Amino acid sequence: DPFPKLRLVTQCRLTDNPARDLDTIDHTREALVEVPIELDGGPPGTIEIHEQRPGFYSLTVHSPGRQLLVFGESYHVGWLSHAKPGPAIRINGDFFGMVVDGDARVTVQFLSPGWQMGSRLMLLGQALTALLVAVALAQVGWTRRT
């Protein structure tokens, strides 16, 4: 069966070779991580999805303790969390997730570094265009007065 797009797991195992270790875990309750993470164990919590579209998730997590929220999306530094859970971490070698503790509202958005830079350059271009228009209008006003 395919994995759900979102799930909570209560156990994780540290690995330096996820490809080698992937077949040795129970994916319904365990994940492979590249950095040490302590989880509380116990039964997994629940996830309430408010909005889900490409590159964006808005959800509420209800967990009885510290658990790992796993997304069925490829890991990339462009995944940004706008909530308390913290930064995205690599899960199972290719996916991403984040630690949640108790009830949490989670908003995650993908903004690639190129998109972020492009947005900044666009704003700079708009500001320079507005400045040039203002200078041109000021010159036209001065020319008409003389």
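I looked up the burial of Trp79 and Phe96 in this predicted model, and I note that both residues are buried. Tyr57 I checked against Trp79, and these two are likewise both buried.

I then turned to the ring geometry, where the count of aromatic pairs comes to five. For Tyr57 and Trp79 I find ring centres 6.2 Å apart and planes at 45 degrees, so I enter this pair as tilted. The pair links distant parts of the chain, since Tyr57 belongs to strand S5 (residues 56–74) and Trp79 to strand S6 (residues 79–81), with their positions 22 residues apart in numbering.

For Trp79 and Phe96 the ring centres lie 4.6 Å apart and the planes stand at 25 degrees, which is under the 30 degrees required, so I enter this pair as stacked. Here too distant parts of the chain are linked, with Trp79 in strand S6 and Phe96 in strand S8 (residues 95–110), 17 residues apart. I record that Tyr57, Trp79 and Phe96 belong, together with Phe71 and Phe110, to one aromatic cluster.

In a separate entry I followed Arg53, which I find lying over the face of Phe56, at 4.2 Å from the ring centre.

Lastly I went to the surface, where I find a nonpolar patch formed by Leu121, Leu124, Leu128, Leu131 and Val135, with about 470 Å² of accessible area together. Of its members I looked up Val135, which lies in helix H2 (residues 113–145). Val135 has a relative accessibility of 40%, so I enter this residue as partly exposed.

Conventions. Residues are numbered from 1 along each chain as its sequence is written. This is a predicted model: local features need pLDDT of at least 70, side-chain atom pairs count only at pLDDT 80 or more; totals for chains, interfaces and linings use all residues. Side-chain values use heavy atoms; hydrogens and water are left out. Patches are made of residues with over 30% relative accessible area and no salt bridge: like charges are joined within 9 Å, nonpolar side chains (Val, Leu, Ile, Met, Phe, Trp, Tyr) within 5 Å. Accessible areas come from the Shrake-Rupley method with a 1.4 Å probe; for residues, only the protein chains shown count as cover. A salt bridge is a side-chain nitrogen of Lys or Arg within 4 Å of a carboxyl oxygen of Asp or Glu. Helices (H or I, at least four residues) and strands (E, at least two) are DSSP runs, numbered from the N terminus. Buried means under 20% relative accessible area, exposed over 50%, partly exposed in between (1.4 Å probe, protein chains only). Rings of Phe, Tyr and Trp (its six-membered ring) pair if their centres lie within 6.5 Å; planes under 30 degrees apart count as stacked, over 60 as edge-to-face and the rest as tilted. A charge sits over a ring if NZ of Lys or CZ of Arg is within 6 Å of the ring centre and within 35 degrees of the ring normal.
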